[in-house]
Amino acid sequence: MAFREYKIGARMFGLAFGTSMFITLYMPAVDIANVSVTATGLHRQLSFGRMGGFGYEDPLLTGVNKPVSVILKTDPKSGSPMEATRAYVYEAGVPFPNGLRHPRILGKGPGELSASKGKIAESSETTGAVFVVREVEMNGEMVPYIENATAVRGWNPSDTMQKVSEADRFQIGKGKIMFVREGCWWCHTLLPEETQDWQYFGAPPMLGDFNGENPTAFGSDRKAPDLTHVGSRNSSREWMTLHFFNPRMVQPHSIMPRYDYLWGDVDANGNKINYSAWYASYDEYSAGKRVYPPEVPEPAKDSEARSLIDFVLNLK
Ligand code: HEC
């Protein structure tokens with residue numbers, strides 16, 4: 001008799017386990033596959049490029065072959081002034097992000113619009129392209145899509161780069177590689193967790209904000225502020241520059257490591273950075289022998305520091 005009860009128990013366990021697996025694994029999978037990308041998700045993947053972490057395209061994480069995000073104020077084709085527009089310039093050979101390679105990832109509305117209005121199928125990695133995120137109203141809702149501005153407007157990558165000033169170029173894709181390589185996610189998250197976090201660090205992301213992004217770098221065990229919206233609460237390039245060179249200059253008890261080596265050999269004016277002289281004066285300052293700390297060099301435009309700052313300030 002006792003054996004019969006075990007059989008009932010085993011079946012009940014099987015049923016409960018099966019139902020719970022169905023609910024936790026299968027149902028969300030169906031749901032997630034139906035989630036369309038948001039405008040934020042399109043901006044993210046277009047600014048990051050294909051891989052944002054370890055991969056065969058850049059195994060040592062140097063940040064090569066990444067798109068450049070720009071703010072366009074003149075039309076690259078006609079040269080006439082236009083409303084400031086964010087565009088993503090993929091020079092010839094720069095790998096396209098996942099959503100362009102597999103438009104199904106974008107979800108139904110954005111996927112179809114990107115193909116029909118956006119002409120993304122006419123873009124090619126070999127020749128490069130310029131992309132823009134657009135939105136149209138469909139059944140009372142704004143649906144975002146990717147426009148291949150090279151096919152739709154005749155904006156080619158080299159003309160576009162010539163039309164933007166240095167201050168309007170952001171190496172966000174390269175900066176994300178620096179974020180992953182330097183292990184910022186070891187201390188910081190890119191995902192505010194629950195209620196108190198949302199009050200403190202701002203709204204959590206939407207599900208469709210990550211379609212096609214690889215990897216997402218959410219982080220897990222947090223020891224430092226969440227950075228999802230850091231560019232909204234602190235948009236100062238100067239503060240970021242001081243803080244990355246040596247966090248103790250702006251936060252005296254910070255446990256964050258210094259990232260001065262991301263400056264490389266020369267500053268923005270091409271002058272060699274003398275780290276030992278810098279630290280000698282900094283030590284005098286810490287010891288109270290100098291009133292001001294030494295000047296932090298401005299990062300060169302192609303330095304890793306500059307890209308990391310572009311990435312961080314763009315987290316809004
Ligand atoms: C050892 C842990 C640690 C690591 C690694 C680390 N940070 Fe931090 N970070 C902190 C702490 C703690 C703070 C808060 C104190 C401060 O401002 O220095 C902070 C603050 C910041 C802030 C300001 C946050 C705000 O709310 O204004 C930014 C931006 C930042 N870190 C970016 C980075 C980036 C990018 C990296 C990787 C290159 C990095 N951090 C690596 C610990 C860390």
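How do the residues of the shell around the ligand divide into nonpolar, polar and charged? In this predicted model, the shell divides into 15 nonpolar residues, five polar ones and two charged ones. The ligand is surrounded by 22 residues, and the closest of them are Cys 184, Cys 187, Ala 224, Ser 254 and Met 256.

With the ligand's surroundings in view, the chain as a whole can be considered. Its secondary structure comes to 12 helices and five strands, and its C-alpha trace spans about 85 × 60 × 40 Å along the principal axes. Of the 316 residues in the chain, 33% are buried. When contacts between residues at least 6 apart in sequence are considered, 72% of them join residues that are at least 24 apart.

The interior can be followed through its nonpolar cores. The largest nonpolar core holds 28 residues, and those that touch the most other members are Ala 87, Tyr 88, Val 89, Val 130, Phe 131 and Ile 146. Two or more residues of this core are given by each of helix H2 (39-48), strand E1 (68-74), strand E2 (81-90), strand E3 and strand E4, with E3 supplying the largest share, five residues. Tyr 88 shows how such a member is placed: leaving out residues up to four places away in sequence, Tyr 88 touches Leu 46, Ser 47, Pro 67, Ser 69, Val 130 and Phe 131. A second core, separate from the one just described, has 21 residues, including Ile 172, Leu 227, Val 230 and Trp 263.

Strands E3 and E4 also appear in the surroundings of a helix. In helix H4, which runs over residues 108-116, the buried residues are Pro 110, Gly 111, Leu 113 and Ser 114, and what covers these buried residues includes strand E3 (129-138) and strand E4 (141-148). As a general point on helices, an α-helix has 3.6 residues a turn, so residues three or four places apart point the same way.

A loop residue offers a last stop. Leu 191 lies in the loop between helix H7 (172-181) and helix H8 (195-201). Is Leu 191 buried or partly exposed? Leu 191 counts as partly exposed because 18 other C-beta atoms lie within 10 Å, whereas a buried residue would need 20 or more. Beyond its neighbours within four places in sequence, Leu 191 is in contact with Pro 204, Pro 205, Phe 218 and Thr 228. Thr 228 is 37 residues away from Leu 191 in sequence, yet the two are 6.1 Å apart in space, C-alpha to C-alpha.

Notes
Residues numbered from 1 in each chain as written. Predicted model: local features only at pLDDT ≥ 70, side-chain atom pairs only at ≥ 80, totals over all residues. Near = placed C-beta within 6 Å. Nonpolar A, V, L, I, M, F, W, Y, C, P; charged D, E, K, R; others polar. Helix = DSSP H or I, 4+ residues; strand = E, 2+ residues; numbered from the N terminus. Buried ≥ 20, exposed ≤ 12 C-beta atoms within 10 Å, placed from the backbone. Contact = placed C-beta atoms within 7 Å. Core = buried A, V, L, I, M, F, W, Y, C linked by C-beta atoms within 7 Å.
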